[in-house]
Each structure stands twice: as C-alpha cells, then as structure tokens.
Amino acid sequence: MTDKTKKRIIKWFWIIITFPVVLVAVLLLLVWAFADIPSFEELENPESKLATQVIAEDGEILTTFHIENRSYVPYKDLSPHLVNAAVATEDVRFYKHSGIDFISLGRVLFKTLLMSDSSQGGGSTITQQLAKTLYPRADVSSKVPGVTQMKMVWIKLKEWITAVKLERNYTKDEIMDMYMNAVFFGSNAYGVKSAAQTFFGKNPADLTVEESATLVGMVNKPTRYNPVLNPDKALMRRNFVIGQMEKAGYLTEAERDSIQQIPIILSYQMLDHNAGLAPYFRDMLRRVMNASEPVRSNYSIYEDYLVDSLQWADDQFYGWLNKNRKPDGSKYSLDKDGLRIYTTINYKMQKYAEEAVAEHLGQDLQDKFWIDQRSKVNKPFSNDIDKATRDRLMSQARRWSDRYRVMKARGASESEIRKSFGEKTEMRVFSWKGKGYIDTVMTPDDSIRYYKAHLRAAFMVMEPQTGHVKAYVGGPNYRYFKYDNVRQGKRQVGSTIKPFLYTLAMQEGMSPCDKVVNVPQTFIVGDDTWTPQSTDRDEWIGQTVTLKWGLTKSSNNISAYLMKQFGPHAMAEMMRKMGIGSHIEEVPSLCVGPADLSLYEMVAAYNTFPSRGVHIEPLFVTRIEDNAGNVLSEFTTRKREAISEQTAFLMANLMQGVVNNGTAIRLKYKYGLKGEIAGKTGTTNDHADGWFIGYTPTITGGVWVGAEDRQVHFQSMTYGQGSNMALPIWGIWMKKVLADGTLGISETDRFIAPPGMHLNLDCDGSDNDAGRNMEDSEEYFFE
C-alpha cells in the first residue's frame, strides 16, 4: 500500500468520524439560535395542568377538579424506592451525565439498531424524557417524503438543548422530582402522587419496593403494563424493574428474589369526575365558585334572585372565580391551577353519610319500591296520574337527555328522534346490586322509566355553633344521578314546616305544656272555607292536649289552631328570620307544609335551635390557597340572632317529644340511639316526599327522600312516610358516628337551659298529655 493510499484512507476515516459530530454540533447551534426553545422562565413555570384539591377538615383529599388528575409532591416526600427504580430502569447513568448520555446513545446505535437487540432500551435520559413531557411534541406528520423524519430530528435536537438547560439550572433531585410529577401512569393518573393514590391508596412516601417498581414499570407503556387491565404483563414488567434495581446495586439478590414472589396487591380507585368522596359537594363548589352577579331577568321567582343577590354582596365565596384574579389579571381555573380548597367537610362523617344513603336505599327502601311498582298500571307513575301528565313528563325527560341533544345537533327531525327512543339498544344502567351497574338491552324510553323508578335522596349535616357543613350527599350515585337534591332541588316540606309555627308560639310566650282543645279548625279564604284534614285518631278529637302532644303527634288540628292565633304572615316572617329564603305563600295552609323548600335551607333553619337562637349561614370552605401554598382567601361564619335563647331551648324540649314518643320514635327502638335528640318528620301529599331533620346539642342533620317526579311515589303511607323513607338514613349515620367515638358527638350531650330560666315541664308529648285537667299544667317563668 502506497503512502498516498494510506493518507487517503486516514483522511476518509477522520471525515467519517468527525462529520457526524460536526453536523450534530452545527444543527445544535442552528436549533439553539432559531428554534423556539423554552426560556429559563418557561422552564421554571411549565404549563402543567395541576388538579385543584378539595381537602377535608382533617387534611384528607376528598376529591379534585382536573383535566389531568395531577397533584404536586416535593422530592422529600418521594419514597427512595421510587427514585431507585426510576434510575435503575430508565436512566442508570442519571447521576453521571449532563442531560444527554452519549454512551447510552452509542449503545442504542450499535446494539438496538444494528444488532436488533431491543433489550438495550432507548437512549433518552430521564432529563430528556422530562423535557419531552413538559413540552409535548407537535404533530410532525407530512405527506412529503422525508419531511416527517426531518421534523423529528429537529424536535429531538430541541429536546436535547432543553435537557441541557434543565441540567444547568436544576439539581439532580429537582429534575427527578419534576419528572415524577410530570409523567403519565394511566388510569387518569398524572404524576406519581395521583398514581400512588389511584393504584395503592397511599402517598408516594409510603410506597414499598414492589409498589414503586409497579408504578415505574408503567411509565413506558401505561396501558399495556396497567395492573388493573393487564395483571400478568404488569407483574412481568414489575419483576423486570426489580431485576434492574438489583443490577444497579439497590437490592441484593436475596431481596430481589423474595420481592419478586410478592403478588401485586392493589387498592384501586380511579379518580375521574364521578369518583372520590363527596362528588355532589365538589359539584356544588364548582357551581357556587363560578356564579355570576345575578341579573333579575334570569330569575322567574323574585325570592331566588334576592337570595343570590345577597350572597353575591355578602358572601366572598359565592362567585369567587369571577371576583378574584391572578397577579397577571387572568381568571383562576379550577381544572388547571392547582388550587387548594380547604373545606369544613369531615372525612369520616362524609363517608358515613354516603354509606347510610347507600345502605338504606340500596339494601331496603328501593327493594320495597320495586314491590310497590307491581300494583301500578303505568309504571313507574302512580295509578291516579292521567295520560297527559305522564306524556308531558316523558317528553320532558327525552328533551333533557344526551341522546336528544346529540341527534338534534346532527339535524335529526323530531319524528326521527322520537322513533329512536322506541328502538332497543345496548346500554349500561345503574343498579344497587352487584357491580353497581347492569349491561342490558332496552329502549331509551324504558331506560327513562327505569331511572324515574329509582328513589333519590339528599343528606346534609352541619355543626350548630360554627355553621360548618360536615357532610353533604346530593343523591344516590353521582355517576348516574347528577342532580344535587340538597341545594338545587326544592320539594314540598310537609310537617317539617310545623316547628316554625311552634317557634312563633314559644316566642310569643306560650310553653310546651300549654293546653288546647283538639278540634278541627276552619278558615275563611275569600269566598270559600278551608279545614285541614285531621291526622288524629277519633278518640283524640275533643280532648284537651298539650302543645308538645300536638307536635309529637304532628297534629294538623293543633297546627291549625296556632295558625289561627298568629296568622300566615307572622309564620312566614318567622321562617325568614330563621333563614328560609325561598318563596313562601302566606296562606292558612302554610301550617301543614305546602311550601317548596330546599334541604339546604331547611337544615340551616333547624340549626338555629341547637345554636341557641342564632341563625348561622352554612360554611363549607375556610380558605383557598394557590399551588404554592399562598393564602388567597379566608372565609368566616356569618351569623345573626333569629330567636331568643329561651325560645330555642323550649323548641328543643318540644321536638324531643317527637323522638321519644312520636313519629321519630324508631330512632330509639330500632337504631338504639340514646341521649337527647330532637327532630321532626315530614310526609307530603300522596307520599311523594319523605323528610326527617334532627339535631343534638352538637350536630344538625337533615334528610329528604323521594323520586325525581312527584307523580312517582309509594302507594301507601306505610312505606311512604318520612319516618320510613328518610329517618333511617339519619339513624344509620348517627349510629356510625357514635360508634366511631372520635368525632366529638356523644350520647351524654345535653341541651342547656339559658341562665335565669326556671321551668317545671311535666309533659312529654305522649298519650298521657291528652285529656288531662287544666290544673295539671306546669309552672313556667323567667326570672
């Protein structure tokens, strides 16, 4: 070989070796100079979509608002097993390179590409993966040959530069933390905190080696290695990660072998918009925070406009998103800004409340309602409902359905839409049995009737002295029944309205043991007369009874007597003082409960009794922080005196008779509840609505149960009364709360008489209070 040939070989050798390096260097310089590389400010504040956390009073996360279910966790709260698993599997030279690992790239080039050995993995470092996650790739597809590949090279070079920037400005721990908070783990879990909670019900700091390996194994292919969807593949992948941890020196061979024998044990709950604790409460928060300043033309009822206007003016939380702005002037987003909303909800009380609703409806009442349906000709509607009403309700339901809206948007005619509702189709419907749903085939019209036949419920609990809302359940199952029956729904309240009338009587100087004659009362209304239907047994008519007996037995005659003494206007004013904001028709029949009111305002009004005469607006959020922990707003209780402390105490005495000897007595004999409990049941026309609102010295709770339509109800009073429909939920819940023993509620709690009050009440509301001589009445006075 001549010298000239040797020189030529050496020349081309160096050209072949150096040209790619020079080309890459030139391309990097061009990309750095002309491409849209994230600035240092953008690196500090990437556009990550952080979930807003709704936090219970004890610090537990109730639920989230999110587009991506992502919550931030600092590096110090990461399990070391997580970090070790990620390094061992994704980037074993993580602590040695500066963002780009050329050794790994060389391995990929020669082994993966040239020798087809896929076991070598990819060449992207954790820092490069972070860059790609923080700044996702745009669509690079093109019909022009070669353009897609050129775009990919350009993007890859941008990611390299971004990775180098990250390495220059952050420590390895900070990069690892950003990576763990950025990656997607499947099942709607973004970031390791959401993933740990979704798959294992844990915080990241508490993850074991095998749990950490399971999560890290999912990063590569979240669906394929999802332990819920593909348990066998997930186990193989997890054990591969554990093997990599041993190779990297994080585990011994013995540890590897023993840990690989452990099965994957999950505590899985996917946190979508329908899951988590208190979904109705979360939905209510969104509605209230998004509220706009009320406009009169948007309200058909003036009282509703007035209530919202006062809230807009006096309540900082109402319309918070429209009243507050970020430092840059833009609006806050519940789904993206990672706010922390600290609520008054007690995690245990909320859990027990949801369990109580499910136990009563799902294990008892709904089964009785299915049996009741057998006697109905036009299920689920009552037999006395005419065809025109049934057709109107069905037509209304169709128009409210997703099927109708979608078909209408596509240009379908009314006849085409109507026809589709009569055609059988596969669908999944709610069920209290088994998995919580049934896969079946039925017509959309039949599915409407099926859902209308399901009883709904609402349950709200608040604390007397603070007004803090402790539990909030708006329906039986949020996934299938989105309507919030606590605050959105208004239904006829029946006899639960009577305590307002008795409150007026107590405020005006009467006492629980004052006696009246039990006879029907007739009112002149215009040119007509009206006599409330008596609910008393024949032998009680004409007897002298105490007022406490009247409320205990929920006697319409005694309520009508009091209405004659004070009038509907005075009663309506008392209701307003105690917090009822809805429209009240000032007519004599108000005494038996025809008004449509929400459970929300009824519970708040009843709470005036254990709060010693002070009406307290329900408070459900105490403060809001941004994602860095800075306090944006704090909220305090709004309260005012509504009735005297003496009146509140007398009402507690009156309403204990309902629980001890009246319509709510099953709290004592069936649920075994002891101590001082006051309350009132309510049943409306045709048994369409069942109510119970009860309180102790330390807690107030109210329940409503009924169907979506008033025309769907039990046929008989036996099952359709408030003591059977609503009261059991309260009883089941209170039994759980007392059994817990950690919630500050005890059977030894007592209603305390106000200072300077002397009374000798010897009536109890039982049958002994009927027919006694007037001379037996008690002493009652204030010093």
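**Reasoning about a predicted model**

Q: Why is threonine 748 called exposed in this predicted model?
A: Threonine 748 has a relative accessible area of 60%. The term exposed applies to values over 50%, so threonine 748 is exposed.

Q: Where does threonine 748 lie, and how far apart in space are threonine 748 and glutamate 676?
A: Threonine 748 belongs to the loop between helix H29 (727–740) and strand S23 (757–759). From C-alpha to C-alpha, threonine 748 and glutamate 676 are 7.8 Å apart in space, with their positions 72 residues apart in sequence.

Q: Which residues line the largest cavity?
A: Glutamate 676 is one of them, and the lining also includes Lys674, Ile677, Pro697, Met734, Ser746, Glu747 and Asp749. The volume of this largest cavity is about 70 Å³.

Q: How many residues of the lining of the largest cavity are charged?
A: Four are charged, beside five nonpolar and three polar residues. Glu747 and Asp749 are in this lining, and because Asp and Glu count as charged, these two belong to the charged group.

Q: What makes the second largest cavity count in a search for cavities of 30 Å³ or more?
A: Its volume is about 50 Å³. The search of the whole structure has a cut-off of 30 Å³ or more and finds three cavities. Among the residues lining the second largest cavity are Asn485, Lys490, Arg491, Trp691 and Trp704. The lining divides into four nonpolar, two polar and two charged residues.

Q: What lines the second largest pocket?
A: The lining has 35 residues, and Ala397, Trp400, Tyr451, Arg456 and Glu708 lie nearest the centre of the pocket. At least two lining residues come from each of helix H16 (387–400), helix H17 (402–409), strand S6 (425–430) and helix H19 (444–452). The lining holds 14 nonpolar, seven polar and 14 charged residues, and the volume of the pocket is about 1,400 Å³.

Q: Why is leucine 266 called partly exposed?
A: The relative accessible area of leucine 266 is 31%. Partly exposed covers the values between the limits of 20% and 50%, so leucine 266 is partly exposed. Leucine 266 is in the loop between helix H11 (253–260) and helix H12 (279–289).

Q: What makes leucine 266 eligible for a nonpolar patch on the surface?
A: A patch takes residues with over 30% relative accessible area, and leucine 266 has 31%. Val228, Leu229, Tyr268 and Met270 form the patch with Leu266, and together they have about 380 Å² of accessible area.

Q: Why is serine 554 called buried?
A: Buried means a value under 20%. Serine 554 has a relative accessible area of 9%, so it is buried. Serine 554 is placed in the loop between helix H21 (547–552) and helix H22 (556–566).

Q: What makes the phi of serine 554 notable?
A: Most residues other than glycine have a negative phi. Serine 554 is not a glycine, yet its phi is positive, at about 55°.

Q: Is arginine 612 buried, partly exposed or exposed, and what is its value?
A: With a relative accessible area of 43%, arginine 612 is above the 20% limit and not over 50%, so it is partly exposed. Arginine 612 also has a positive phi, of about 65°, and its place is in the loop between helix H24 (599–606) and strand S16 (614–616).

Q: How do you know that the peptide bond from lysine 379 to proline 380 is cis?
A: The omega of this bond is near 0°. Most peptide bonds are trans. Proline 380 is in the loop between helix H15 (347–373) and H16.

Notes: Residues are numbered from 1 along each chain as its sequence is written. This is a predicted model: local features need pLDDT of at least 70, side-chain atom pairs count only at pLDDT 80 or more; totals for chains, interfaces and linings use all residues. Side-chain values use heavy atoms; hydrogens and water are left out. On a 1 Å grid over the protein atoms alone, a cavity is a set of points where a 1.4 Å probe fits but cannot get out, and a pocket is an open set with protein on both sides within 12 Å along at least five of seven lines; lining residues have an atom within 4 Å of a point. Grid points are joined across faces, edges and corners, and a volume is the space filled by probe spheres set on the points. Patches are made of residues with over 30% relative accessible area and no salt bridge: like charges are joined within 9 Å, nonpolar side chains (Val, Leu, Ile, Met, Phe, Trp, Tyr) within 5 Å. Accessible areas come from the Shrake-Rupley method with a 1.4 Å probe; for residues, only the protein chains shown count as cover. A salt bridge is a side-chain nitrogen of Lys or Arg within 4 Å of a carboxyl oxygen of Asp or Glu. Helices (H or I, at least four residues) and strands (E, at least two) are DSSP runs, numbered from the N terminus. Buried means under 20% relative accessible area, exposed over 50%, partly exposed in between (1.4 Å probe, protein chains only).
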